[in-house]
Amino acid sequence: MKKKIVALMALAAALAAPLSAQAHRAWIMPTSTVLSGGDAWVGFDAGMSTNPFEADHAAMRLDNLVVTAPDGSTIQPENVNVAKYRSTFDVHLTQPGTYRIANVGGGVMATYMLNGEQQRWRGRAEEFPAAIPAGATDVTPTRNSSRTETFVTLGSPNDTAFTNAGDGLTLIPVTHPNDLVAGEPATFKLSKDGVAASGVAVTVLRGGQRYRDNPEETTVTTGADGAFTVTWGEPGLYWINAAVRTPAQGDTIAANASYVAVFEVLP
């Protein structure tokens, strides 16, 4: 029985990727974020690692990858490959405007007792609670949602791809994410399930930590309207992370929501 529980826990941990609340950090890194012309390609690396952008732990699963085009339509990534430590894919930019590239995860995980043994279940939210066997007791469900994303723009930027998903933590740009310059402040908002996420700690970490003695990591907190402001100290790639846990209340089950964005800050 002990072996069975351990195996189920390992399976649940694997299925939970790419939740950024885990010990290893999730990231999607573009080769370029601002491009000109009428047609272009952008390559992406995606992984889970101790430090963002350093492929040293595991590739990111891309089953839930969604690429939103500037007109709001969904397009397919190309040349998808999953290796040991990182996944790669390309996006063909054929429309002018801003593209949102997001890996979105979600579902429900539950523990329960059945015939004196602890069991675990994980699946889609619409499958719960019907999937829990009759006679189960001490049912403890948790709804999980995660979003790991980045943005690229061909030509003039637009904001059609920024439609609030309304599920989990979502970024609502005030400053366009492809218009970030070192030394200048940028403002964004976080929403949770469509409502302003206030009092949320947001971690801001500049890439390239491997050769630094002191990691350049800061934390800011969202205001009542979900807004937070970052002033970029140096150009480069930045990793933004936030996570919220909501305890169970009445008929509402506990929920974990995480958000990760990768931005490029230009000189």
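Which residue forms a salt bridge with arginine 124? The partner is glutamate 126, and the closest N and O atoms of the pair are 3.1 Å apart. The points below start with the confidence of the model and return to this pair later.

1. Confidence. The model is predicted. Mean pLDDT for the chain is 88, with 89% of the residues at 70 or more. Strand E8 (residues 87–93) has the highest confidence, at a mean of 98, and helix H1 (residues 2–16) the lowest, at 39. The pLDDT is below 50 over residues 1–22, a stretch that has 33 contacts in the model beyond near neighbours in sequence. Where pLDDT is low, predicted coordinates should not be read in detail.

2. The main core. The largest nonpolar core has 24 residues. Those that touch the most other members are Leu171, Phe188, Leu190, Phe228, Trp232, Ile240 and Phe263. At least two residues each come from strand E12 (169–173), strand E13 (185–192), E15, E17, E18 and E19. The most come from E19, which gives five. Leucine 190 has contacts that include Leu171, Val200, Val202, Phe228, Ala242 and Tyr259.

3. A second core. Separate from the first is a core of 20 residues, among them Ala40, Phe44, Ala46 and Ala69.

4. Aromatic rings. Nine aromatic pairs are present in the structure. In one of them, the ring centres of tryptophan 232 and phenylalanine 263 are 6.3 Å apart and the planes stand at 85°, so this pair is edge-to-face. Tryptophan 232 sits in the loop between strand E17 (227–231) and strand E18 (236–246), while phenylalanine 263 is in strand E19 (residues 254–265); the pair therefore ties together parts 31 residues apart in sequence. Tryptophan 232 is buried, at a relative accessible area of 1%, and phenylalanine 263 is buried at 2%. Both belong to one aromatic cluster, together with Phe151, Phe162, Phe188, Phe228 and Tyr238.

5. Valine 204. This residue is in strand E15 (residues 201–206) and is buried, with a relative accessible area of 3%. Its C-alpha lies 5.2 Å from that of threonine 218, although the two residues are 14 apart in sequence. Besides Thr218, the contacts of valine 204 include Val230, Trp232, Tyr238 and Ile240.

6. Serine 87. Strand E8 holds serine 87, which is buried with a relative accessible area of 0%. A polar atom of the serine 87 side chain lies 2.5 Å from the backbone oxygen of methionine 60. Among the other residues that serine 87 touches are Phe44, Asp45, Ala59, Leu62 and Asn81.

7. Salt bridges. There are ten salt bridges in the structure. In the opening pair, arginine 124 and glutamate 126 are exposed. Arginine 143 forms a salt bridge with aspartate 193, with the closest N and O atoms 3.1 Å apart. This pair links distant parts of the chain, 50 residues apart: arginine 143 is in strand E11 (residues 137–154), and aspartate 193 is in the loop between E13 and strand E14 (195–196). Arginine 143 is partly exposed at 26% relative accessibility, and aspartate 193 is partly exposed at 30%. A network of salt bridges links these two residues with Asp167 and Lys192.

8. A buried charged pair. Glutamate 149 forms a salt bridge with arginine 147, the closest N and O atoms being 3.1 Å apart. Glutamate 149 is buried, with a relative accessible area of 0%. Arginine 147 has 13% relative accessibility and so counts as buried, the limit being under 20%.

Methods: Residues numbered from 1 in each chain as written. Predicted model: local features only at pLDDT ≥ 70, side-chain atom pairs only at ≥ 80, totals over all residues. Heavy atoms only, no water. pLDDT = per-residue confidence, 0-100. Helix = DSSP H or I, 4+ residues; strand = E, 2+ residues; numbered from the N terminus. Contact = heavy atoms within 4.5 Å. Phe/Tyr/Trp six-rings, centres within 6.5 Å; stacked < 30°, edge-to-face > 60°. Buried < 20%, exposed > 50% of the residue type's maximum accessible area, 1.4 Å probe, protein only. Polar contact = N/O pair within 3.5 Å; in protein donor to acceptor, adjacent residues only side chain to side chain. Core = buried A, V, L, I, M, F, W, Y, C linked by side-chain atoms within 4.5 Å. Salt bridge = Lys/Arg side-chain N within 4 Å of Asp/Glu carboxyl O. Lists of a residue's contacts leave out its neighbours within four places in sequence.
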